[in-house]
Amino acid sequence: MEPTQLTKTQVKKTTITGAEALVRALIAEKVDTIFGYPGGAIMPVYDALYYYEKELKHIMTRHEQGATHAAQGYARISGKVGVCLATSGPGATNLITGLADAQLDSTAIVCITGQVSSKMIGTDAFQETDIVSISMPVTKWNIQITKAKDIPAAIAKAFYIAKSGKPGPVLIDITKDAQFETFEFTYEPCHHIRSYVPNPQIDSKAIELAARVIDSAKKPLIVFGHGILLADARKEFQAFVEKTGIPAAWTIMGLSALNTDHPLNIGMLGMHGNYAPNIMTNECDVLIAVGMRFDDRVTGDVSRYAKQAKIIHLEIDPAEINKNVTVDVAVLGNCKESLDQLTKAITPKEYPDWLHRAKELITTENEMVIKDELFPPENDKITMGEVIRRISDISKGAAIIVTDVGQHQMIAQRYYNFRQWKSNVTSGGLGTMGFALPAAIGAKFGAPHRQVIAVIGDGGFQMTIQELGTLFQTRVDVKILILNNEFLGMVRQWQDLFFEKRYSSVDMVNPDFQIIAKGYGITAEKVTEREDLESAIHRFLSHDGSFLLEVLVGKENNIFPMIPTGASVSEIRLE
Amino acid sequence: MEQFTISIYTENMIGLLHRVTTIFTRRHINIESITASESEVSGIHRYTVVITEEEVNVKNVVKQIEKQIEIFKAFYHRNEDIVYQEMALYKMPTNILSQTREVEQIVRKHHARLLAVEPEFTIIEKTGFKEETQDLFEQLKPHGILEFVRSGRISISKRMKEFQDYYSEVEKASRL
Ligand SMILES: Cc1ncc(C[n+]2csc(CCOP(=O)(O)OP(=O)(O)O)c2C)c(N)n1
């Protein structure tokens with residue numbers, strides 16, 4: 001087929017193919033980077049991309065799952081929509097994990113898949129899968145396009161839906177004949193869909209009521225989540241916390257919305273969170289939840305969660321109100337606005353006794369958990385915590401930390417001192433092993449001038465290890481820290497605590513990660529002894545380009561505190 | 001657990017019904033009946049879904065349904081808050097009707113009607129509550145039913161202009 005596209009130097013035609021229309025629509029949406037992998041049913045789009053190389057950079061990952069996580073990392077850090085491209089059939093089904101992850105973690109990504117020709121649909125054609133049905137439960141919206149003329153409007157709608165309201169993943173499946181078909185191209189961005197209300201009006205009565213409840217509180221607690229980062233409400237949230245003087249605790253998705261060392265930041269909520277916020281959840285008299293959704297990893301046994309407290313919920317999604325936890329005051333709306341209004345409506349107060357209680361609990365955790373993690377006995381193996389804390393200190397808490405899933409994830413979030421807004425990228429809701437490496441690559445593209453550190457376990461690293469190839473080819477600078485405990489650590493910990501140490505299929509016989517990294521042209525080092533750690537971390541962080549640092553850590557260290565499944569937040573265990 | 005009828009106002013779009021049914025499937029809620037048709041507003045469709053559930057769960061399901069992009073609004077109702085009906089069709093051999101007067105009497109007593117009379121078979125139609133169409137079924141059964149089918153529930157709320165109040169807001173917003 002003759003390409004109908006024109007090079008940049010020529011006047012742009014308006015009668016173009018669906019494939020070119022897609023590319024021009026993406027450019028109209030100010031997309032400059034996309035992640036993907038080619039194949040038969042998407043080839044017309046790749047052909048169109050060839051002509052738009054300068055405007056639209058395509059990053060070829062080594063697996064479509066990697067493309068979705070890269071798009072997620074990109075979206076989470078840049079605040080823009082992440083875009084993925086894949087072919088039909090296996091290419092499309094490889095997107096599912098990333099879509100599900102983005103759905104649970106409210107990440108704005110648009111995935112475009114090729115589909116067999118419309119005439120072939122339903123015939124079990126080569127590489128035909130019904131990706132629209134398959135992806136339905138893991139997308140905020142999806143659609144199949146069979147006519148070129150429908151492409152611009154679908155793209156416009158996709159971007160609007162992905163980023164508005166509670167963000168989420170969108171999939172557009174485009175048949176190959178629609179990609180080839182020519183039509184008269186025009187582009188109109190979407191700003192409104194009549195059946196969709198992304199930003200509920202804030203009810204001033206709810207604000208007033210919330211303010212009155214907060215003003216009457218003696219032991220209030222703020223719990224905050226991803227919503228603050230998504231709403232870009234850094235200033236509004238900090239102002240709210242500082243004016244109220246109320247201690248605040250974060251879900252892992254809310255991490256880095258308030259500096260870790262902010263005097264009112266009392267730490268992490270939930271299963272492996274800090275002692276103080278979990279205990280205080282069941283002691284407070286008013287719980288102010290901002291942009292979080294009471295996930296079971298945060299609440300523990302929900303029937304014993306903050307029962308004594310009046311609960312105020314600032315939330316953009318009406319479906320989250322009273323879903324897991326019944327609340328007393330619901331403030332629907334974008335928290336950037338509701339926080340601002342609420343801050344104006346409250347009277348500043350001080351809670352010395354309550355903050356003293358926090359200090360007491362923090363001291364307890366310091367004594368019983370943190371001291372040993374950060375300053376282990378000389379002859380013990382290196383702990384994950386000391387590695388993370390050194391990296392935190394040397395990088396001054398300014399890096400973007402992208403974590404995989406497992407013990408290292410919890411440790412990274414507990415012990416890195418985040419001092420910069422929007423610096424934590426993790427797979428929270430889905431807990432996707434293999435997330436970190438591709439997401440870190442995406443994050444680097446989303447913030448080229450920031451340092452990006454991926455923290456990964458020896459297990460999860462091998463789930464998307466092929467993305468080292470993407471690093472190699474793109475030459476972007478991502479630091480990879482492998483915390484190697486030669487186990488599927490988190491699962492081993494559960495077997496240790498709840499299955500009487502029956503270690504079933506958690507023992508990892510690992511390859512030589514340094515040789516693998518070197519095969520991809522990536523500098524690598526392995527540290528096994530504490531005395532070598534400090535200098536290795538310096539080399540790791542100051543190296544010009546990607547660097548893989550593997551640290552051999554204690555094999556059977558457990559992460560504490562811990563709220564066992566089914567227990568209440570107040571039953572959090574310190575050992 | 002109680003029976004609830006959910007009325008869902010939607011754009012007319014391929015795949016949307018699937019999106020809605022997965023919301024029930026995922027929560028292991030059995031759909032007792034479902035119907036779909038155009039509503040009083042041209043271009044806007046209405047699904048009627050009947051389920052038996054706890055009200056708290058129904059509330060959450062309704063919000064999840066409304067969360068779907070092309071859904072305008074979903075309402076849930078108790079049976080006393082709606083007027084509802086189902087339709088049933090019964091196919092019987094015509095010779096039974098001509099041989100005995102009993103079937104004809106049953107049809108009259110139940111306020112059913114003969115929809116079609118063909119040389120070989122006759123179709124009887126009955127609109128009513130499920131118990132009523134079932135009752136007619138039981139009575140006709142001994143005389144030989146060849147085929148039986150019952151529609152899903154259709155229902156109308158007793159509130160005046162339930163959707164239209166909402167829709168006028170939507171139209172206003174669309175004009176902005
Ligand atoms: C794709 C996927 N499969 C399985 C799991 C279950 N899982 C959770 S944590 C974990 C162990 C992770 O081991 P590793 O990557 O070595 O990290 P560690 O816990 O040792 O730090 C497993 C298997 C998961 N979260 N994701």
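Is E138(B) buried, exposed or partly exposed, and what is its relative accessibility? In this predicted model, E138(B) counts as partly exposed because its relative accessibility is 42%, a value that lies between the 20% limit for buried residues and the 50% limit for exposed ones. The residue is placed in helix α5 of chain B, which comprises residues 130-140. E138(B) also contributes to a negative surface patch, the other members of which are E131(B), E132(B) and D135(B).

Helix α5 of chain B also contains F137(B). The relative accessible area of F137(B) is 16%, and the residue is therefore classed as buried, since the class takes in values under 20%. A further residue of chain B, F148(B), follows at a separation of eleven residues along the chain, and the C-alpha atoms of F137(B) and F148(B) are 8.1 Å apart.

Two domain annotations from UniProt apply to chain A. An unreviewed entry assigns "domain: Thiamine pyrophosphate enzyme N-terminal TPP-binding" to residues 17-133 of chain A. Within residues 17-133, helix accounts for 44% of the chain and strand for 18%, while the C-alpha atoms at the two ends are separated by 26 Å. The annotation "domain: Thiamine pyrophosphate enzyme TPP-binding", likewise from an unreviewed entry, covers residues 404-551 of chain A. For residues 404-551, the computed content is 41% helix and 16% strand, with a distance of 16 Å between the end C-alpha atoms.

Definitions and conventions. Residues are numbered from 1 along each chain as its sequence is written. Chains are lettered from A and ligands numbered from 1 in the order in which they are written. This is a predicted model: local features need pLDDT of at least 70, side-chain atom pairs count only at pLDDT 80 or more; totals for chains, interfaces and linings use all residues. Side-chain values use heavy atoms; hydrogens and water are left out. Patches are made of residues with over 30% relative accessible area and no salt bridge: like charges are joined within 9 Å, nonpolar side chains (Val, Leu, Ile, Met, Phe, Trp, Tyr) within 5 Å. Accessible areas come from the Shrake-Rupley method with a 1.4 Å probe; for residues, only the protein chains shown count as cover. A salt bridge is a side-chain nitrogen of Lys or Arg within 4 Å of a carboxyl oxygen of Asp or Glu. Lys and Arg count as positive and Asp and Glu as negative; His and the chain ends are not counted. The place of a charge is taken as NZ of Lys, CZ of Arg, CG of Asp or CD of Glu. Helices (H or I, at least four residues) and strands (E, at least two) are DSSP runs, numbered from the N terminus. Buried means under 20% relative accessible area, exposed over 50%, partly exposed in between (1.4 Å probe, protein chains only). UniProt positions are given in the numbering used here, feature names are shortened, and annotations may be inferred rather than shown by experiment.
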